[in-house]
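User: Please take a close look at the ligand site in this model. I want the surroundings, the polar contacts and the burial, in one connected account.

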Amino acid sequence: MTGRLSVVGLGPGAEDLVAPRAHAAIEAAGHLLGYAPYVARVPPIPGQERHVSDNREELARARHALDLAAAGHEVAVVSSGDPGVFAMASAVFEAIEDGPAEWRAIDVQLVPGISAMFAAAARVGAPLGHDFCAISLSDNLKPWETVLQRLEAAAGADFVVALYNPVSQARPWQITRAFEVFGRHRVLSTPVVFATAVSRPDERIEVATLATAASVAADMRTVIIIGSSHTRVVDRNGPGRWVYTPRWTRVPA
Ligand code: SAH
């Protein structure tokens, strides 16, 4: 008998930003798999087996989960944010495409989560209110040349851009290169939002500009939103400022 595999998004961190459907899928699972810090976010459930692995082992984890589901178990794999955004859902389908025919009979359920860019946007206003794209700066799974080409294309097309995986210990320099690319296409007063550990107790939100961005601290828990030429900053009668991108785009004269 074939079991079920749920690929579940845990959102950015806060408990009340997890969908009820995610809780239900996790509670129903006899086996829970994921990167250790994500599994640690799920309170222990009696009788549930947990399998933690490193964040570079996504494909192996996906195969393990599919094996368990094919053997008839109810299985949940957890990701932070949304499982379809730079996360486990693609690894599961890659494994299915290349795997044994019986994996195609598994009931795979995707449970969406609030991705970091949406949680970050909601903290500052509506920076993603018009056309935008998301780019991972990590060159673990694609060549750095490709990252640069995509940054160049997105900057040239005047998208608002959400940058995931902006910094790691191995590649602290990439973010500077990214800002250089945008500096060639956009004015230096363009808003740049740094949102770190959004919705967690140590959350840090900073609204900078392309001119000051290089001096703002970012780490592996930061998502960066670079505004388009239309993105605006509005002073508040209170702490911080709003950042939004209007619904319209003016056709250049
Ligand atoms: N599936 C996740 C993204 C995984 S890639 C999602 O949809 O959000 C990991 C990257 O996500 C991190 O390097 C960081 O850029 C971003 N991220 C994840 N959680 C975050 C949070 N709480 N605050 C800010 N950025 C976060």
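Analyst: The shell around the ligand draws on both domains, with at least three residues from each of domain 1 (4-114) and domain 2 (117-244). This is a predicted model. The chain itself is divided into those two parts, domain 1 (4-114) and domain 2 (117-244). Their C-alpha centres lie 28 Å apart. The two domains also touch: nine residues of domain 1 are in contact with 10 residues of domain 2.

Now the site. The ligand sits in the largest pocket. Around the ligand there are 20 residues. The closest are Val85, Ser115, Ala116, Met220 and Thr222. By class, the shell holds 12 nonpolar residues, five polar ones and three charged ones.

Next, the polar contacts, starting with Val85. A backbone N or O atom of Val85 lies 2.7 Å from a nitrogen atom of the ligand. Val85 is also listed among the closest residues of the shell. Val198 offers a backbone N or O atom too, 2.9 Å from a nitrogen atom of the ligand. For Ala197, a polar backbone atom is 3.4 Å from a nitrogen atom of the ligand. The polar contact cut-off here is 3.5 Å. On the protein side, the atoms described for Val85, Val198 and Ala197 belong to the backbone.

Then burial. Taken alone, the ligand exposes 550 Å². The protein buries 93% of that area.

To put the site together: the ligand occupies the largest pocket, with a shell that takes residues from domain 1 and domain 2. Nonpolar residues number 12 in that shell, while backbone atoms of Val85 and Val198 lie by ligand nitrogen.

Conventions:
Residues are numbered from 1 along each chain as its sequence is written. This is a predicted model: local features need pLDDT of at least 70, side-chain atom pairs count only at pLDDT 80 or more; totals for chains, interfaces and linings use all residues. Side-chain values use heavy atoms; hydrogens and water are left out. A residue is near a molecule or strand if one of its heavy atoms lies within 4 Å of it. A polar contact is a pair of N or O atoms within 3.5 Å; within protein, one must be able to donate a hydrogen and the other to accept it, and residues adjacent in sequence count only if both atoms are side-chain atoms. Accessible areas come from the Shrake-Rupley method with a 1.4 Å probe; for residues, only the protein chains shown count as cover. On a 1 Å grid over the protein atoms alone, a cavity is a set of points where a 1.4 Å probe fits but cannot get out, and a pocket is an open set with protein on both sides within 12 Å along at least five of seven lines; lining residues have an atom within 4 Å of a point. A molecule sits in a cavity or pocket if more than half of its atoms lie within 2 Å of its grid points. Ala, Val, Leu, Ile, Met, Phe, Trp, Tyr, Cys and Pro count as nonpolar, Asp, Glu, Lys and Arg as charged, and the others, Gly among them, as polar. Domain bounds come from an automatic or database domain assignment. Contact means heavy atoms within 4.5 Å.
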